[in-house]
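Here's a quick walk through one protein model, written for someone who would rather look at contacts and angles than read a summary table. Have the viewer open as you go.

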Amino acid sequence: MAFDIPSFHRRAVETRSDEHVDDMRSLLVDTLEDAGEYPEIDDLGNVVVSRGDEDGTHILLNTHIDTVPPHLPYERRTEPPGPDETIDGTGGDGDGDIVCGRGACDAKGPLAALLDAFLTVTPDDGRVTLAISTDEETTQTGGAHLADTIDADGYIVGEPTGLDVCTAARGQFEGTVTIHGESAHAADPGSGHNAIRAAAPILQAMESYEEKKGPGEHETLGYPILTPSMVEGGEATNQVPAECTITFDRRSVPPETSESFCADLQAHLEQWLPESMGLTVDLIRPDTPFPEAFATDTDAELVRTLQEASGGAVRQFGAATEASYFANNGPTVVFGPGDLSDETGAVAHSKREYVRLSEVRTAARAVRETVERLV
């Protein structure tokens with residue numbers, strides 16, 4: 001049975017994958033098997049299938065099947081949702097170009113495009129692999145595992161880019177700055193060391209980090225971003241707090257890594273503390289992978305070929321993705337239908353998520369032409 005983009009995309013959007021991916025993975029596996037392919041599920045639950053010969057150029061197509069909550073039902077309409085609309089399933093079921101629902105663009109639209117390209121290309125001198133991860137929106141262990149276990153000569157990662165070819169993205173990781181003081185009775189504050197009071201100069205020092213210690217401006221990605229996002233401390237109203245924790249979000253640029261950043265930030269912040277107090281900088285979830293910043297050469301053959309096929313611009317991607325794990329292995333681009341945001345506001349991850357089916361078809365054609373030229 002021939003693969004049909006609108007039909008598969010509808011079933012994918014209708015299949016919930018915000019809490020678990022079992023049903024969505026079954027849909028993907030069944031679709032591949034119906035097309036005569038033999039997908040495998042690896043140790044981390046990723047779906048992997050290849051076509052072509054072991055010799056020659058190898059191109060890997062990747063995206064993910066998990067979505068953020070809450071689930072939004074499928075709708076098909078002629079115009080995108082307005083700024084105050086929430087997708088609730090009552091917006092229509094016609095033949096318009098706009099498909100709404102959770103995952104419509106992130107990333108079941110890119111999935112439909114990559115799947116169509118994979119099933120319709122016939123490699124002449126090489127191999128194409130479809131490798132679909134299951135936890136991109138959370139821990140990203142699946143994408144990191146794929147990068148560790150599958151070698152390829154080029155990687156196309158499906159995300160909503162508006163059909164632009166994205167060759168770079170900031171990294172993203174989260175951490176904490178914990179200030180260590182000494183508790184005391186609030187009636188005698190001088191007998192302790194107030195960790196919350198020390199947070200004020202530490203927050204100021206975080207503002208000056210880029211100028212003093214940061215990696216500087218990247219030619220493609222610009223400056224990194226450091227955002228304090230939460231402050232917590234104290235246990236009782238009549239007690240000098242012994243500890244205060246500042247949680248931060250870091251959007252990195254090369255050559256900075258999550259490991260080097262924590263050491264550099266701690267060394268910078270310690271200068272702003274009294275000698276009687278201490279400070280530590282730690283990553284949140286240190287045992288799971290973090291998407292590091294990456295930048296692919298815009299002159300790489302994969303970039304030029306996909307740009308010619310799609311007609312899109314070459315630019316950076318506005319969010320962190322699993323592409324960072326593959327970029328250590330070879331030229332990597334982020335590409336797909338849909339947008340992170342439009343002139344009205346947020347699209348991906350929002351209450352008005354949508355994609356144009358015409359863009360899904362265009363993305364499928366562009367990826368197919370690119371793979372055909374390279375393998």
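What follows covers the cores, a sheet with its helices, some hairpin pairing, the salt bridges and the cysteines.

## What kind of model this is

Keep in mind that this is a predicted model. Residue numbers simply count from 1 along the chain.

## The cores

Let's start inside. The largest nonpolar core has 59 residues. Those with the most contacts inside that core are F8, L32, L61, L130, I156 and F335. If you want one residue to click on, try L61: leaving out residues up to four places away in sequence, L61 touches L114, F118, V128, T129, L130, A131, I156, V367 and V371. Apart from this core lies another one, of 23 residues, including F173, M206, F261 and L265. As a general rule, nonpolar side chains in soluble globular proteins tend to be buried together.

One of those core residues also gives a handle on the start of the chain. A2 sits in the segment before α1 (5–14), and A2 counts as exposed at 72% relative accessibility. The C-alpha atoms of A2 and L32 are 11 Å apart, with the two positions 30 residues apart along the chain.

## A four-stranded sheet and two helices

Next up is an open sheet of four strands, in the order β11-β13-β9-β14, with antiparallel pairing. Which strands stand at the edges? They are β11 (225–233) and β14 (278–283); each has a single partner strand, so one side of each is left without a neighbour in the sheet. On average, neighbouring strands here are turned by 20° against each other, direction ignored. Zooming in, β11 and β13 (residues 243–252) pair in the antiparallel sense over eight bridges, and L226 stands opposite R250 in β13.

Two helices pack on this sheet. Helix α5 (residues 195–207) touches β9 (171–180), β11, β13 and β14, and the direction of α5 makes about 15° with that of β13. Helix α7 (residues 258–270) also touches β9, β11, β13 and β14; the direction of α7 makes about 165° with that of β14.

## Pairing around β2

Earlier in the chain, strand β1 (residues 40–41) pairs with β2 in the antiparallel sense over two bridges, and E40 stands opposite V48 in β2. The two strands form a hairpin with five residues between them. If you check backbone torsions, look at G45 in that turn, which has a positive phi of about 90°.

Strand β2 also pairs with β6, again antiparallel, over six bridges. In that pairing, V47 stands opposite I132 in β6.

## Salt bridges

How many salt bridges does a search of the whole structure find? The count is 18. One of them joins the side chains of R127 and E54, at 3.4 Å from N to O. R127 lies in strand β6 (residues 126–133) and E54 in the loop between β2 (47–52) and β3 (57–64), so this pair ties together parts that are 73 residues apart in sequence. R127 is buried, with a relative accessible area of 16%, whereas E54 counts as exposed at 63%.

Another bridge links E85 and R77 at 3.2 Å, N to O. Here E85 counts as partly exposed at 33% relative accessibility, while R77 counts as buried at 14%. R352 forms a salt bridge with D342, with the closest N and O atoms 3.0 Å apart. Both R352 and D342 lie in the loop between β17 (332–335) and β18 (354–356), so the pair ties together parts that are 10 residues apart in sequence. R352 counts as buried at 4% relative accessibility, and D342 counts as buried at 17%. There is also a network of salt bridges that links R16, D18 and E19.

## Cysteines

The structure holds zero disulfides. Why is C105 not in one? The closest cysteine sulfur to that of C105 is in C100, and at 10 Å it is too far for a bond. For C166, the closest cysteine sulfur is in C105, 13 Å away, also too far for a bond. C105 is buried, with a relative accessible area of 0%, and C166 counts as buried at 0% relative accessibility.

Technical notes. This is a predicted model: local features need pLDDT of at least 70, side-chain atom pairs count only at pLDDT 80 or more; totals for chains, interfaces and linings use all residues. Side-chain values use heavy atoms; hydrogens and water are left out. A nonpolar core is a set of buried Ala, Val, Leu, Ile, Met, Phe, Trp, Tyr and Cys residues joined through side-chain atoms within 4.5 Å. Buried means under 20% relative accessible area, exposed over 50%, partly exposed in between (1.4 Å probe, protein chains only). Contact means heavy atoms within 4.5 Å. A salt bridge is a side-chain nitrogen of Lys or Arg within 4 Å of a carboxyl oxygen of Asp or Glu. A disulfide is a pair of cysteine sulfur atoms within 2.5 Å. Two strands pair if DSSP finds at least two bridges between them. Axes are lines fitted to C-alpha atoms, for helices over the stretch in contact, and angles run from 0 to 180 degrees between N-to-C directions.
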